[in-house]
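I opened this notebook to record what I looked up in one structure. The entries begin with its pockets and end with its helices.

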Amino acid sequence: MPKNYEMLSKITREDWVNISPKINPTSLESKDILGVPAFEINEIFIPVCERVLSGAGLKDNLENKYKYPYIIGVTGSVAVGKTTFAKVLKVILGNPPYSFATEVVSTDNFLFSNETLNKTESLHRKGFPESFNYPEIINFLQIAKNCASVEIPVYSHQTYDITNQTQTIPPTQILIIEGINILQNPPRIVSDSQREIIRDYLDFSIYLNAEEETIKQWYTSRFLKYCEKASSNDESFFAQFENLTETQATELAESIWETINSPNLHNHIGPSIEFADLILSKERDHGITYLHASPEWFSL
């Protein structure tokens with residue numbers, strides 16, 4: 001049954017920090033990771049990892065090398081910081097004192113190619129549910145859940161397309177799958193025949209949340225950075241925008257947001273928040289200000 005967002009308990013960052021010593025009794029600490037400041041790692045990320053591992057009983061099973069994987073899902077809007085968040089989790093979980101074999105996979109790798117989307121006249125709906133090869137995501141999860149190696153496609157944000165490369169995901173203890181669609185229902189074109197859904201495979205799910213205007217600013221900033229980098233790379237999808245002024249590029253990014261990303265957020269990504277086990281609310285500096293979870297999750 002869907003979780004009711006209104007039924008989740010909400011605590012402030014301050015309250016979370018106050019109870020964190022009980023969650024993290026050994027007072028694990030870390031330095032900056034992938035640009036995320038140490039205070040954010042120590043006040044938010046490590047206690048969250050401790051709470052997830054404790055709730056799953058994983059800390060008592062470090063020797064059972066490939067008896068699982070435990071699958072953690074990370075989702076939220078385009079440009080909300082899913083990839084960085086997932087990679088930081090991997091660094092924490094993959095190093096002492098945990099040292100779990102940990103892999104991160106993005107559902108972007110299962111987008112249909114631009115050629116396919118062009119044939120179906122749906123390139124303008126890239127990122128919407130029907131633009132993903134949903135059955136292949138399920139197939140990947142089935143194989144990964146059985147602790148077997150699986151080969152997946154590789155998506156390039158530079159070329160804005162699926163590449164000719166593949167990536168082998170080995171058997172792992174913890175699998176972090178991140179993407180905008182992991183808590184959504186299957187697209188209509190496969191929903192009748194697809195009995196399983198992505199969220200069925202998740203042991204724990206995290207939704208990164210922020211005000212839309214804030215996410216729009218993050219998206220625009222990222223778009224401008226891609227355009228800047230493309231000036232020295234003719235293969236980049238963004239090379240076509242190299243002659244735009246910063247104002248023109250900003251206006252283009254804002255237009256893409258309003259016509260594509262905003263409708264996708266409101267109609268598909270946002271509603272999936274009700275299935276999340278943990279919701280982390282972010283401010284403009286990407287700092288976590290509120291946490292939402294079941295009341296039991298905060299009970300110590």
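For the lining counts below, I took Ala, Val, Leu, Ile, Met, Phe, Trp, Tyr, Cys and Pro as nonpolar, Asp, Glu, Lys and Arg as charged, and the others, Gly among them, as polar. I note at the outset that this is a predicted model.

**Entry 1: the largest pocket**

I looked up the volume of the largest pocket and found about 1,300 Å³ of space. Its lining consists of 41 residues, and those closest to the centre of the pocket are Asp108, Tyr155, His157, Arg222 and Tyr226. I then asked which elements give two or more residues to this lining. They are α3 (82-93), β3 (102-106), β4 (150-156), α7 (212-230) and α8 (246-269). The largest share comes from α3, with five residues. By residue class, I recorded 21 nonpolar, 12 polar and eight charged residues in the lining of the largest pocket.

**Entry 2: the second largest pocket**

I entered about 620 Å³ as the space in the second largest pocket. Of the 23 residues that line the second largest pocket, Gly81, Thr84, Lys282, Asp285 and His286 are nearest its centre. Two or more lining residues come from each of α2 (38-56), α3 and α7. Here α7 provides the largest share, six residues. I sorted the lining of the second largest pocket into 11 nonpolar, six polar and six charged residues.

**Entry 3: the cavity**

How many cavities of 30 Å³ or more are there? I recorded one. About 50 Å³ of space lies in the largest cavity. I listed its lining as Val48, Cys49, Val52, Leu53, Ile72, Leu89, Leu93 and Ile206. The elements that contribute two or more of these residues are α2 and α3, and α2 gives the largest share, four residues. The class count for the lining of the largest cavity is eight nonpolar, no polar and no charged residues.

**Entry 4: the sheet**

I next traced the order of the strands. Seven strands make up an open sheet with mixed pairing, and I read their order as β1-β9-β8-β7-β2-β6-β3. Why is one side of β1 (9-12) and of β3 left without a neighbour in the sheet? Both strands stand at the edges and have a single partner strand each, so one side of each has no neighbour there. From one strand to the next, I found an average twist of 20 degrees.

I noted as background that strands of a sheet pair through backbone hydrogen bonds, either parallel or antiparallel. I then looked up the pairing between β3 and β6 (residues 174-178): these strands run in the parallel sense and share five bridges. Within this pairing, I identified Ile176 of β6 as the bridge partner of Val104. I also noted again that β3 is among the elements that give two or more residues to the lining of the largest pocket.

**Entry 5: a helix crossing**

I looked last at α1 (residues 13-23) and α2. Their axes come within 10 Å and cross at roughly 60 degrees. That angle makes α1 oblique to α2, because the range counted as roughly perpendicular is 65 to 115 degrees and the range counted as roughly parallel lies under 35 degrees. I recorded the crossing of α1 past α2 as left-handed. As entered above, α2 also gives the largest share of the lining of the largest cavity.

Technical notes:
Residues are numbered from 1 along each chain as its sequence is written. This is a predicted model: local features need pLDDT of at least 70, side-chain atom pairs count only at pLDDT 80 or more; totals for chains, interfaces and linings use all residues. Side-chain values use heavy atoms; hydrogens and water are left out. On a 1 Å grid over the protein atoms alone, a cavity is a set of points where a 1.4 Å probe fits but cannot get out, and a pocket is an open set with protein on both sides within 12 Å along at least five of seven lines; lining residues have an atom within 4 Å of a point. Grid points are joined across faces, edges and corners, and a volume is the space filled by probe spheres set on the points. Two strands pair if DSSP finds at least two bridges between them. Axes are lines fitted to C-alpha atoms, for helices over the stretch in contact, and angles run from 0 to 180 degrees between N-to-C directions. Angles under 35 degrees count as roughly parallel, over 145 as roughly antiparallel, 65 to 115 as roughly perpendicular and the rest as oblique. A crossing is left-handed if the near helix is turned anticlockwise from the far one by less than a right angle, and right-handed if clockwise.
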